[in-house]
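Welcome, and thanks for taking a look at this one with me. Please have the sequence and the 3D view open as you read.

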Amino acid sequence: MRETDQDHEVWMARAIELARHAEAAGEVPVGAVVVCDGELIGEGYNQPILSHDPSAHAEIIALRDAARHQHNYRLPGSTLYVTIEPCTMCVGAIIHARVETVVFGALEPKAGALVSHLQLHSQYMYNHRPDVIQGVLEESCRALITKFFREKRSK
C-alpha cells in the first residue's frame, strides 16, 4: 500500500511530535517514524546526548524499533518519515535496512546526504536505492529546528 499525500502529512505530524520530545530533553529536535502497509512499526527521536551514543539519531532509533517489530533487520516496503534530511550515517542505515521510501520535511544544508550533499541514495555502487520525497510539512519542520538553534545561540 503506497501512502498518499494526506498520509504523508499525518505521519510527518507524528514525527514532529517526537521531535518536540527531543527538544524538551535538550536534544536537537528531530523525530522519525517508520510505516509499513499503513501501520506504524517504529519511531524515535534524537537522543545522542541522553544516551551517550553518537549513533542515537531519530532515524536510527526508529529503524531499530521497526526492525524489532518486524523481527527483521530488513524493512522492505517501509517508509521512513523524518523531520529533517538525514545525514550520511542515517542514509547508510536506510540503505542497509532496504527502506523503500524516505520522506523528509526540511533540508539540512550542512549535513544532509540525500538532496543537499552527496545524494547517497542514488549512487551506483549501492544495490538498493530508496525513493525520496522532500518538503512534507516543511515549514513546521524548519521552524522547529530554526527556533532550537536560534535559542541555543542566544544563550
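## Strand β3

Let's begin with S78, which is part of strand β3. This is a predicted model, and in it S78 has a relative accessible area of 1%, so it is buried. Outside its sequence neighbours up to four places away, S78 is in touch with V34, V35 and C36, and also with V99, E100 and T101.

Further along the strand, which covers residues 78-84, you will find V82. Is V82 buried or exposed? Its relative accessibility is 0%, and therefore V82 counts as buried. Leaving aside residues up to four places away in sequence, V82 touches M12, V30, G31, A32, E59, V103, F104 and G105. For a sense of spacing, try L50: it sits 32 residues from V82 along the chain, and the two C-alpha atoms are 20 Å apart.

## Helix α1 beside helix α5

Two packed helices are described by the angle between their axes and the distance between the axes. Here, helix α1 spans residues 5-24 and helix α5 spans residues 138-154; their axes come within 10 Å and cross at roughly 10 degrees. Because angles under 35 degrees count as roughly parallel, α1 is roughly parallel to α5. On the α1 side, the contact is made by M12, I16, A19, R20 and E23, while α5 brings S140, C141, L144, K147 and F148. Sorted by class, this contact holds six nonpolar residues, one polar residue and three charged residues.

M12 is worth a second look, since this member of the α1 contact with α5 is also among the residues that V82 touches.

## A closer look at A19

A19 belongs to helix α1 and is one of the residues making the contact with α5. With a relative accessible area of 0%, A19 is buried. Which residues does A19 touch, not counting those up to four places away in sequence? They are P29, V30, G31, T83 and L144. Of these, L144 is on the α5 side of the helix contact, and V30 and G31 are also touched by V82.

You can also check A19 against G44, which is 25 residues away along the chain: their C-alpha atoms are separated by 8.5 Å.

## The largest pocket

Rolling a probe the size of a water molecule over the atoms shows where empty space is left. The largest pocket in this model holds about 550 Å³ of space. It is lined by 22 residues, and those closest to its centre are V28, I84, E108, I145 and F149.

Which element gives the largest share of the lining? That is α5, with six residues. By class, the lining of the largest pocket has twelve nonpolar, three polar and seven charged residues.

## Two loop residues with positive phi

Most residues other than glycine have a negative phi. H71 is not a glycine, yet its phi is positive, at about 55 degrees. You will find H71 in the loop between α3 (58-70) and β3. Its relative accessible area is 74%, so H71 is exposed.

R98 also has a positive phi without being a glycine, with a value near 60 degrees. Its place is the loop between α4 (88-97) and β4 (101-106). What about its accessibility: is R98 buried or exposed? R98 has a relative accessible area of 19% and is therefore buried, as buried means under 20%.

Key
Residues are numbered from 1 along each chain as its sequence is written. This is a predicted model: local features need pLDDT of at least 70, side-chain atom pairs count only at pLDDT 80 or more; totals for chains, interfaces and linings use all residues. Side-chain values use heavy atoms; hydrogens and water are left out. Axes are lines fitted to C-alpha atoms, for helices over the stretch in contact, and angles run from 0 to 180 degrees between N-to-C directions. Helices (H or I, at least four residues) and strands (E, at least two) are DSSP runs, numbered from the N terminus. Angles under 35 degrees count as roughly parallel, over 145 as roughly antiparallel, 65 to 115 as roughly perpendicular and the rest as oblique. Contact means heavy atoms within 4.5 Å. Ala, Val, Leu, Ile, Met, Phe, Trp, Tyr, Cys and Pro count as nonpolar, Asp, Glu, Lys and Arg as charged, and the others, Gly among them, as polar. On a 1 Å grid over the protein atoms alone, a cavity is a set of points where a 1.4 Å probe fits but cannot get out, and a pocket is an open set with protein on both sides within 12 Å along at least five of seven lines; lining residues have an atom within 4 Å of a point. Grid points are joined across faces, edges and corners, and a volume is the space filled by probe spheres set on the points. Buried means under 20% relative accessible area, exposed over 50%, partly exposed in between (1.4 Å probe, protein chains only).
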